[in-house]
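Let's take a walk through a protein together. Have the structure open beside you, and rotate it as you read.

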Amino acid sequence: MSVIEARGLRKEFTVRVKRSRLRREKRIVHAVDGVDLTVERGEMLGYIGPNGAGKSTTLKMMTGVLMPSAGEVRVCGYTPVPQRTKLTRRIGVVFGQRSQLWWDLPLRDSFDLLRHIFRVPAADHASRLRRCRSLLDLDEFLDIPVRQLSLGQRMRGELTAALLHGPEVLFLDEPTIGLDVVSKQAVRSFLTEVGVRGDTTLVLTTHDLADIERLCQRLVVIDHGRVVHDGTIDALHARYGSRRRVVVDLDEPVASYSGAIVEADGRRLVFEVDGSAAAVVARLGGLPGLRDIAILEPDIEDVVARLYKTTTEDAP
Ligand SMILES: Nc1ncnc2c1ncn2[C@@H]1O[C@H](COP(=O)(O)OP(=O)(O)OP(=O)(O)O)[C@@H](O)[C@H]1O
Ligand SMILES: [Mg+2]
């Protein structure tokens, strides 16, 4: 059985739009507009899309926070809203913008409360907490009330809180939002650790594509509530024809060089290659005034920007 199964999942919101000083009109927003998704145990899935695409709404339906308007969703075999109590024991949730911790309590006490709420055996709780403490460097702020923690510290606490009961699926909505480079890396390597064990399924939304590159084998892109890509990052590159580039810097400017884009003052040549760059590099060996050669992997930011742009242009 798949861990997550969604068929024709929809969520509509009715919003009132002000038309004039006296008139307000009802409008229906199709936040999630027929999503089909199957996720197997142990997968690490990146769920991305532009602002307002429907990512958070999808996660809220999967975690039992919001009732779908139509369609079906099952997580760990449960229907999230009616079976929320049972589901909560099997999943962990981190919403980057909201906290699940007790604001006035130190992390240590929050973790203790969670142990009682979830009735986690003491030994399991202790060993999971030990692992989180060392991987996320929690010790220096375990005894400080949550409201006094920095965002990065709090986020490490949130991740720990979400994992202490040993969930099968971890839902993360923008877990690295607002974090500095070091904290982002701490969160990423922690999630890699969680993921490589293979028994926790990870569903992650983010606007930071480095999160996706580091963590996810599979990428689902959603726009206007619909899935517009479902596959690997390589498949996305292939679909959008993104290529590796060989960038060559020269001491002396050249006017042209066969097969190259010559940039600005002619001191830089750029080649686009399919597959191996060996042939291009070999050909360049004898070039006079050769200073440096670099091979650049296709940039996921570029591809995703192109994808968002095309889907926006196609939108109704
Ligand atoms: N409670 C609500 N009431 C009315 N409209 C809503 C509500 N929640 C979300 N929406 C609308 O549904 C759409 C999808 O919102 P959602 O929060 O799922 O987007 P998102 O992909 O998470 O975006 P972001 O990247 O900005 O977090 C948006 O148009 C949003 O305005
Ligand atoms: Mg969101």
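**A guided tour**

Let's start with a proline in a loop: at 48% relative accessibility, proline 121 counts as partly exposed. You'll find proline 121 in the loop between α3 and α4. Now look for histidine 165, which is 44 residues away from proline 121 along the chain. The C-alpha atoms of these two are separated by 9.0 Å. Keep in mind as you go that this is a predicted model.

Let's zoom out for a moment. The protein has ten helices and 13 strands. If you follow the C-alpha trace along its principal axes, the protein spans about 70 × 55 × 45 Å. There are 316 residues, and buried ones make up 46% of them. What share of the contacts with a separation of 6 or more comes from residues 24 or more positions apart? That share is 67%. As for the outside, the accessible surface comes to about 16,200 Å², and carbon and sulfur atoms hold 49% of it.

Back to helix α3, which covers residues 107-117. Its buried residues are Leu107, Ser110, Phe111 and Leu114. They all sit on the same side of α3, because they cover an arc of only 100 degrees around the axis. And what do the buried residues of α3 pack against? Their partners are α4 (122-136) and α5 (151-163).

Just past this helix there's a little backbone detail to spot. Most residues other than glycine have a negative phi. Arginine 119, which follows α3, has a positive phi, near 50 degrees. Cysteine 76 is another residue with a positive phi, also near 50 degrees. To find cysteine 76, go to the loop between β4 (70-75) and α2 (84-90). Is cysteine 76 buried or exposed? With a relative accessible area of 7%, cysteine 76 is buried. Then there's histidine 224, whose phi is positive too, near 45 degrees. Histidine 224 sits in the loop between β8 (218-223) and β9 (226-231). At a relative accessible area of 41%, histidine 224 is partly exposed.

Next, head for the buried parts of the protein. Leucine 204 belongs to strand β7, residues 201-205. Its relative accessibility is 0%, so leucine 204 counts as buried. Which residues does leucine 204 touch, if you skip those up to four places away in sequence? The list runs Leu45, Gly46, Tyr47, Leu172, Pro175, Asp211, Ile212, Leu215 and Cys216. Take Leu172 from that list: leucine 172 is 32 residues from leucine 204 along the chain, yet their C-alpha atoms are separated by 4.7 Å.

Arginine 188 is another one to click on. You'll see arginine 188 in helix α6, which runs over residues 181-196. This arginine has a relative accessible area of 8%, so arginine 188 is buried. Leaving out residues up to four places away in sequence, arginine 188 touches Asp208, Ala210, Asp211, Arg214 and Leu215. You've met two of those names already: Asp211 and Leu215 are also among the residues that leucine 204 touches.

Last stop: ligand 1. How many residues surround ligand 1? There are 14, and the closest are Gly52, Lys55, Ser56, Thr57 and His207. Zoom in on the oxygen atoms of the ligand and you can pick out some polar neighbours. A polar side-chain atom of histidine 207 is 2.7 Å from one of the ligand's oxygen atoms. For glycine 52, a polar backbone atom lies 2.8 Å from an oxygen atom of ligand 1. With asparagine 51, there is 2.9 Å between a side-chain N or O atom and an oxygen atom of ligand 1. Taken alone, ligand 1 exposes 630 Å², and the protein buries 64% of that.

So which elements give two or more residues to the shell around ligand 1? They are β1 (4-18), β2 (24-39) and α1 (55-62). Helix α1 provides the largest share, three residues. Sort the shell by residue type and you get six nonpolar, six polar and two charged residues.

Conventions:
Residues numbered from 1 in each chain as written. Chains lettered and ligands numbered in written order. Predicted model: local features only at pLDDT ≥ 70, side-chain atom pairs only at ≥ 80, totals over all residues. Heavy atoms only, no water. Near = heavy atom within 4 Å. Polar contact = N/O pair within 3.5 Å; in protein donor to acceptor, adjacent residues only side chain to side chain. Areas by Shrake-Rupley, 256 points an atom, 1.4 Å probe, with all protein chains shown as cover. Helix = DSSP H or I, 4+ residues; strand = E, 2+ residues; numbered from the N terminus. Nonpolar A, V, L, I, M, F, W, Y, C, P; charged D, E, K, R; others polar. Buried < 20%, exposed > 50% of the residue type's maximum accessible area, 1.4 Å probe, protein only. Arc of directions from axis to C-beta. Contact = heavy atoms within 4.5 Å.
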